Amino acid sequence: MSIDGVESPRPPSFIRDLIEADNASGRFGGKVQTRFPPEPNGYLHIGHAKSICINFGLAKEFGGKCNLRFDDTNPTKEGVEYVNSIMEDVRWLGFEWDALFYASDYFEQLYQWAVALIKEGKAYVCDLSPEQVRSTRGTPTEPGQPSPDRDRSVEENLDLFARMRAGEFPDGSRTLRSKIDMASPNFNMRDPVMYRILHSEHHRTGDAWCIFPMYDFAHGQSDSIEGITHSLCTLEFEDHRPLYDWYCDNLGIHHPQQIEFDRLNLTNAQLSKRKLLTLVQRGLVSGWDDPRLPTLSGMRRRGYTAEGIRNFCGMIGVSKTNGIIEYNLLEHAVRDDLNKHALRVMAVLDPLKVVIDNYPAGQTEQMEAVNNPEDASAGTRPVAFSQVLYIERDDFREDPPKQYYRLSPGREVRLRYGYFITCTSVVKNEQGEVIEVHCTYDPATRGGNSPDGRKVKSTIHWVSAAHAIDAEVRLYDHLFQPGVEPKEDEDFTVALNPASLTRVTAKVEPSVAGAAPLASYQFERVGYFCADRDSTPDKPVFNRTVQLKDTWAKTEKSHQQKKP
RNA sequence: UGGGAGGUCGUCUAACGGUAAGACUGCAGACUCUGGAUCUGCGUAUCGGGGUUCGAAUCCCUGCCUCCCAGCCA
């Protein structure tokens, strides 16, 4: 987003307009304070990245601050593993919070505020069961029925609420509710629950509390305490804004402006925290950081870069429209970043043996290869060349189709940084499959140059059989089969793609032997890959991050479609 | 049949009463020691119907469609 260190103007957004209007009117004294408020009940995913970029980005843009606040009001679902992963992911994405808070830091203050509302007759302890509350809430067209406890005395409410806190009552037996309007067309205003009883160990407060505030009774006040000016959240909270406002107003505390924006949806990606948790818990993926998952930890392990993801978040913009972003935009952003930074290397994923008959057996030459044509400072490296090589099986066709430029009988191609070679014959197995290709080379073309100026239609990659090392390469495809929609009574996992992970043994340049986990490479003409955390010097493991654009694959496919 | 929020190229986003723009995708081409990258060109959109206006994606009316809401989840 920046050129020569100068921030280019960010694309306009309605949130920026609102902030500018507030600054112009002096509403918050020109201050901008935001926060990223995850619930620590799962790992962060690409949808959270959008929120992080918006919250931290806007704060930075306006010279404000952005906090990280854990919305940890439900001990039954939250835990430190999630807290830790979230902090790691936010930092990895490239952001550092100005202050770190937990909603649980405010439990005592929240309790006092609840007491204050009780004293004003604006809250009461309700003895209804969850089922009774549901059945008396009414419908969209009918008002709810008031709780029989709605008019309890302040003294009794105070006493009961204190005893709720003291642990005298079992889970679900009572709640503290706000007394607002059982006839409101907005369900959130029909005497919403403020506190419920949960005898559950909280990851921070332990057993100090057995009553916990609901989201609505915690979020706005947490924002208020922190001096948040603009409380950004997703569209599904629009209906909650009246309640957010009600609590701030009735408590008489600093009142931030809640602003809702559209949640990120991505084609072919599962961004439901519940479903991600299911996949992890059922062992259908290798963990929260499975490279097929759209979690930040999974994408990181897969090789997606923080800058690529940040750029993506900038490209998709922000609005209030419910839409779905095409996955290829994300891939574009990742490729774009990797293209600038990833070192090039040669690797053959589906090896086909090539013997150069006129090349001296036993001879080895060191060819000079460019590490990154986009970055001269990346330098060059030597690559061993010898008589027996491997090339990509797909780079040879005995009977080349139209517009196929690569190796085939009688045709000459360039071996990248190597020599021009011409195919002279093939060796087949009993099944008639080509298992070996014989060629001759032109010694004058060393390094891949053409002194006489003759052209070849194609340049292909290769590795020397004697020098290449084996590496496990994990190829990923969509976790869910595109277009497969589970029926209503079916589990969402029926759409799982059985071919989402393929492992192959590739022949790779020895230069990548000790690649550190997360180190990204471009396997020339194939794609971007990064070393997995399972990788060892003895047995390197690479994840395919994303394929390179493949024009030939596209034209071949269209050829096949034209003549079925 | 209640309330809330939205409908602009295939997708996402802009245009703030004054020539509907950009990105991704798609197609065509140039260039290339990666069929990569880069570059060029092409294509497709204001949900419908009324109105106000010299002029409407934008303002008004009306219809249609989509999403969210009846957790002691967030």
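What is the relative accessible area of Val 437? Val 437 has a relative accessible area of 0% and is buried (under 20% relative accessible area, with exposed meaning over 50% and partly exposed in between, for a 1.4 Å probe and protein chains only).

The model is predicted: local features need pLDDT of at least 70, side-chain atom pairs count only at pLDDT 80 or more, and totals for chains, interfaces and linings use all residues. Residues are numbered from 1 along each chain as its sequence is written, chains are lettered from A and ligands numbered from 1 in the order in which they are written, and side-chain values use heavy atoms, with hydrogens and water left out.

**View 1. Val 437 in strand β20.**
Val 437 belongs to β20, residues 434-442 (strands are DSSP runs of E, at least two residues, and helices are runs of H or I, at least four, numbered from the N terminus). Beyond its neighbours within four places in sequence, Val 437 is in contact with Leu 352, Lys 353, Val 354, Val 355, Phe 396, Leu 407, Cys 423, Ser 425 and Val 426 (contact: heavy atoms within 4.5 Å). From Val 437 to Pro 540 the separation is 103 residues in sequence and 28 Å in space, C-alpha to C-alpha.

**View 2. The domains of chain A and the core between two of them.**
Chain A is assigned domain 1 (16-261), domain 2 (273-343 + 471-556) and domain 3 (347-461); the bounds come from an automatic or database domain assignment. A distance of 64 Å separates the C-alpha centres of domain 1 and domain 3. The largest nonpolar core counts 38 residues, and Ile 46, Val 90, Ile 309 and Phe 312 have the most contacts inside it (a nonpolar core is a set of buried Ala, Val, Leu, Ile, Met, Phe, Trp, Tyr and Cys residues joined through side-chain atoms within 4.5 Å). Two or more residues each come from α2 (46-61), β4 (65-70), α3 (80-93), α10 (296-302), α11 (306-316) and α12. Helix α2 gives the largest share, six residues. Because domain 1 and domain 2 both give residues to this core, it lies between them. Phe 312 touches Ile 46, Leu 264, Leu 266, Ile 325, Leu 329, Leu 330 and Ala 333, leaving out residues up to four places away in sequence. Another core, of 34 residues, lies apart from this one, and includes Met 189, Ile 211, Tyr 244 and Trp 246.

**View 3. The protein surface near RNA strand B.**
RNA strand B is surrounded by 66 residues, the closest being Ser 319, Arg 406, Arg 414, Gly 447 and Gln 522 (near: a residue with a heavy atom within 4 Å of the strand). Of the RNA strand B atoms that come within 4 Å of the protein, 67% belong to sugar and phosphate. The surface residues comprise 22 nonpolar, 22 polar and 22 charged (nonpolar: Ala, Val, Leu, Ile, Met, Phe, Trp, Tyr, Cys and Pro; charged: Asp, Glu, Lys and Arg; polar: the others, Gly among them). At least two residues of this surface come from each of α5 (130-135), β8, α12 (327-341) and α13 (551-562), and α12 supplies the largest share, four residues.

**View 4. Polar contacts to RNA strand B from Asp 71, Glu 238 and His 240.**
A polar contact is a pair of N or O atoms within 3.5 Å; within protein, one must be able to donate a hydrogen and the other to accept it, and residues adjacent in sequence count only if both atoms are side-chain atoms. The side chain of Asp 71 places a polar atom 3.4 Å from a sugar or linking oxygen of RNA strand B. For Glu 238, an N or O atom of the side chain is 3.2 Å from a sugar or linking oxygen of the strand. The His 240 side chain has an N or O atom 3.1 Å from a base nitrogen of RNA strand B.

**View 5. Asn 186 in the loop between β7 and β8.**
The loop that holds Asn 186 runs between β7 (175-178) and β8 (193-197). Asn 186 counts as buried because its relative accessibility is 17%. A polar side-chain atom of Asn 186 lies 2.9 Å from the backbone nitrogen of Asn 188. Outside four places in sequence, Asn 186 is in contact with Asp 239 and Pro 242.

**View 6. Ser 222 in helix α7.**
Ser 222 sits in α7, residues 215-225, and is buried at a relative accessible area of 0%. A polar atom of its side chain is 2.6 Å from the backbone oxygen of Ala 218. Not counting residues up to four places away in sequence, Ser 222 touches Arg 69, Ala 103 and Tyr 106. Asp 105 is 117 residues from Ser 222 in sequence, with 9.1 Å between the C-alpha atoms.

**View 7. Positive phi at Leu 518 and Arg 525.**
Leu 518, in the loop between β24 (501-508) and β25 (520-523), has phi near 80 degrees, a positive value in a residue other than glycine. Leu 518 is partly exposed at 44% relative accessible area. Arg 525 has phi near 70 degrees and is found in the loop between β25 and β26 (527-531). The relative accessible area of Arg 525 is 35%, which means partly exposed.
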